[in-house]
Amino acid sequence: MTGEELRHPYEKFLRKDRIPHIWCEGCGNGIILNCFARALDELNIDLDKVAVVSGIGCIGRISGYTNTDSFHTTHGRAIAFATGVKLANPELTVAVISGDGDLFAIGGNHFIHAARRNLDIKVICANNFIYGMTGGQGGPTTPLNTWTTTTPYGSIEQAFNLVHLATACGAVYVARWTTLQTRWLTESIKKSLQKEGFSFVEVISECPEIFGRYNKMATALKMMKWFKEASDVQHFSDPAKAEITPSRIVIGEFIDIEKPSYGRLLREMKARIGDKKASR
Amino acid sequence: MTITSSVAPEKLKVVRTGRRFMSGDIASAEGALAAGCRFFAGYPITPATEIAEHMSRRLPEIDGVYIQMEDEIASIAAVIGASYAGVKSMTATSGPGFSLMQENIGLAVMTETPCVIVNVMRGGPSTGQPTMPGQQDVMQARWGSHGDYEIIALAPSSVQEMFDLTVEAFNLAEAYRVPTFVLADEIVGHMWERVDIPEPETLKIVNRKMPENPPTIKFAPFEPDDDLVPPMAVFGQGYHFHATGLTHDERGYPRTDSAEAQTKLVQRLCNKIRKNKDKIIRVQQIMLEDADVAVVAYGIAARAALSAVKKARTAGIKAGLLRLLTLWPFPEEHVGQVAKNVKAIVVPEMNCGQILREVERAAKETPVTFLSKLGEEPHKPQEILEAMRGTLT
């Protein structure tokens with residue numbers, strides 16, 4: 001190795017001039033970025049044909065760090081923007097990487113309809129249970145009885161079970177992991193990138209700085225310890241029964257089915273129209 | 001599996017040409033196709049729905065994409081996405097939908113996305129009168145999204161102009177990398193008239209500037225040329241560039257704590273329109289040379305105004321018409337020049353006074369009479385004629 005510069009194996013997947021990133025020490029977003037890069041690497045995907053789209057929030061900054069074409073949209077609109085990208089250039093692999101608040105509160109409508117259409121985009125959700133960028137407010141995934149800056153007496157709202165929601169809306173691939181299971185997470189991202197149609201990978205991601213601090217897990221290690229103790233691998237179990245509780249986080253693959261994507265049906269429709277016109 | 005049509009794309013009639021009879025909404029859709037639009041995302045809304053319906057039929061025939069989104073927020077977001085993937089894109093809506101689009105119109109401004117938004121204006125506020133005409137979104141078109149910015153807005157008065165100005169809107173959007181609006185109204189949208197559609201080779205089409213250099217690490221996607229407009233790379237070409245709604249530098253990277261970056265970017269976004277306004281603005285000057293009174297009008301109100309001016313001339317009143325085809329950037333100098341030469345100005349609008357404010361500002365000392373009209377009927381020529389008489393007595 002003498003005389004050679006030491007290089008990080010995933011360097012080519014990062015915009016080096018954007019590093020260091022803005023994420024806090026112990027944040028799970030770096031793990032998600034790493035797993036995403038590893039998935040692209042192992043699949044040997046042409047980076048010229050990858051578009052990364054994100055919304056607003058901590059993980060929303062990920063599009064600025066990936067060395068691909070990338071777009072950081074307005075809050076909640078990543079999937080709607082990605083819809084235009086994918087339909088205008090079907091050659092592109094379009095990955096939406098965004099947070100739970102962005103994708104399921106302000107952007108919830110776009111998620112359910114893109115899944116229903118079986119649009120060929122890959123959604124990776126970093127679920128940290130709160131709005132991190134704005135300082136830790138409660139949101140649609142905040143578990144019942146947990147503390148945030150806007151649930152000072154404990155949350156009294158029921159939380160979304162995202163894998164159940166994605167399944168009900170028609171996603172063809174649904175998986176959930178925590179940032180602890182990096183190899184399984186990478187495998188799921190790889191699967192989702194290769195799958196035709198709308199895929200959804202939820203990543204339970206640690207935010208020790210805010211969620212952890214408010215819930216007696218103020219270090220990344222403590223949060224990881226919770227993930228380790230609570231994780232329960234149940235492949236292809238009923239997503240309706242996969243609510244996240246303090247004692248149990250059901251992880252694994254939930255759905256892996258085949259269904260023609262919107263893009264395929266669009267191509268077939270255009271072919272039919274062409275044939276009809278020719279026979280006139 | 002690759003699915004290919006058995007018909008070569010060039011055999012399919014891309015642009016319908018020649019003399020045709022159609023509605024304004026359909027003419028706008030055909031204008032978009034003639035301009036090269038191949039992506040439409042929209043949501044049904046009266047009185048603009050016919051544009052979406054026509055696009056849903058026509059775009060798949062010519063290898064384009066029509067998609068009905070879940071709402072207008074999604075529609076404009078998808079339009080921006082398609083434009084960044086290199087396809088000329090549009091949406092069409094009316095007041096309520098236009099309101100929902102405002103945040104992402106700001107995104108299109110900030111990321112310098114060429115795109116066209118047709119707003120077939122109806123009566124507002126709120127749900128208002130969906131099937132009735134209005135010109136109430138003129139100020140919203142200019143100021144509807146937050147922050148400082150400039151956009152371009154055109155106002156057609158006829159079905160022919162629904163075609164012509166939609167083509168023009170695409171050309172301007174592509175030339176200046178800015179969302180461009182066609183501010184039509186229910187009457188112009190639903191009216192049927194004769195349209196002459198030129199052969200494609202005679203139609204002036206502008207396409208966005210592309211980067212001259214092949215993809216390199218040093219590519220700066222927001223580095224402007226002398227005209228203040230940056231060449232536009234699109235996804236999939238290998239440039240690996242970033243775009244964001246955050247304040248950014250020439251490389252597209254966020255600069256959220258630099259006053260210099262904020263000033264430089266926002267000033268340029270405004271100046272690329274302001275400093276090119278002479279190339280953008282179009283007005284029509286009718287019988288203004290010796291006029292004592294001028295009508296300043298646009299859209300459907302300009303048709304009654306023209307009729308009123310002709311009646312006035314017959315009655316011995318020296319009247320003229322300044323018809324605004326461009327509303328934004330506002331033709332301030334044209335109005336100012338007219339104001340210097342006339343004793344009075346009349347502004348008929350189907351609202352409570354929107355472009356009126358701009359006319360008053362440009363007219364300086366020259367008195368301006370306003371004729372408001374709300375609801376079903378547009379202005380009658382006689383009403384405008386009476387207003388002109390009133391200013392001269």
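Colleague: Let's start with helix H5 of chain A, residues 162–169. Which residues are buried there?
Modeller: A:Leu162, A:Val163, A:Leu165, A:Ala166 and A:Thr167 are buried in H5(A). Bear in mind that this is a predicted model.

Colleague: What covers the buried residues of H5(A)?
Modeller: The cover includes helix H3 (100–106), H4 and E4 of chain A. It also includes strand E7 (173–178), strand E8 (199–204) and strand E10 (249–256) of chain A.

Colleague: And what phi does A:Gly170 take, just after H5(A)?
Modeller: A positive one, about 110°.

Colleague: Now the sheet. How many strands form it, and in what order?
Modeller: The open sheet has 9 strands, and the pairing is mixed. The order is E9(A)-E10(A)-E7(A)-E8(A)-E4(A)-E3(A)-E1(A)-E2(A)-E10(B).

Colleague: Which strands stand at the edges?
Modeller: Strand E9 (231–233) of chain A and E10 of chain B. Each has a single partner strand, so one side of each lacks a neighbour in the sheet.

Colleague: What does the twist average?
Modeller: It averages 20° from one strand to the next.

Colleague: How do E2(A) and E10(B) pair?
Modeller: In the parallel sense, over 3 bridges. The strand on the chain B side covers residues 242–244. A:Phe71 stands opposite B:Ala243 there.

Colleague: And inside chain A, how many bridges join E1 to E3?
Modeller: 4 bridges, with the strands running parallel. E1(A) is residues 50–54 and E3(A) is residues 93–99. A:Val50 stands opposite A:Thr93 in E3(A).

Colleague: Which strands does H2(A) touch when it packs on the sheet?
Modeller: H2(A) touches E1, E2, E3 and strand E4 (122–127) of chain A. Its direction makes about 175° with that of E3(A).

Colleague: Back to the two chains. How many residues does each put into the contact?
Modeller: Chain A gives 41 residues and chain B gives 45 residues.

Colleague: Which elements of chain A each supply at least two residues?
Modeller: Strand E2 (69–72), helix H2 (78–88), helix H4 (108–117) and helix H9 (262–279) do. H9(A) gives the most, with 11 residues.

Colleague: What's the breakdown by class on the side of chain A that touches chain B?
Modeller: That side has 15 nonpolar, 15 polar and 11 charged residues.

Colleague: Switching to chain B. Why is strand E4, residues 89–93, largely enclosed?
Modeller: Because 5 of its 5 residues are buried. B:Ser89, B:Thr91 and B:Thr93 point one way from E4(B). B:Met90 and B:Ala92 point the other way.

Colleague: How does E4(B) pair with E2(B)?
Modeller: Parallel, over 2 bridges, with E2(B) being residues 39–42. B:Phe39 has B:Ser89 as its bridge partner in E4(B).

Colleague: And how many bridges join E4(B) to E5(B)?
Modeller: 4 bridges, and these two strands run parallel. E5(B) is residues 115–123. B:Thr91 stands opposite B:Ile117 in E5(B).

Colleague: Last topic. At what angle do the axes of H11(B) and H12(B) cross?
Modeller: Roughly 60°, and the axes come within 8 Å. That angle makes H11(B) oblique to H12(B). The crossing is right-handed.

Colleague: Which residues make that contact?
Modeller: From H11(B), B:Glu332, B:Val335, B:Gly336 and B:Ala339. From H12(B), B:Val359, B:Ala362 and B:Ala363. By class, the contact has 5 nonpolar, 1 polar and 1 charged residues.

Conventions. Residues numbered from 1 in each chain as written. Chains lettered and ligands numbered in written order. Predicted model: local features only at pLDDT ≥ 70, side-chain atom pairs only at ≥ 80, totals over all residues. Contact = placed C-beta atoms within 7 Å. Nonpolar A, V, L, I, M, F, W, Y, C, P; charged D, E, K, R; others polar. Pairing = 2+ DSSP bridges. Axes fitted to C-alpha atoms, helices over the stretch in contact; angles between N-to-C directions. Parallel < 35°, antiparallel > 145°, perpendicular 65-115°, else oblique. Left-handed = near helix turned anticlockwise from the far one by under 90°. Buried ≥ 20, exposed ≤ 12 C-beta atoms within 10 Å, placed from the backbone.
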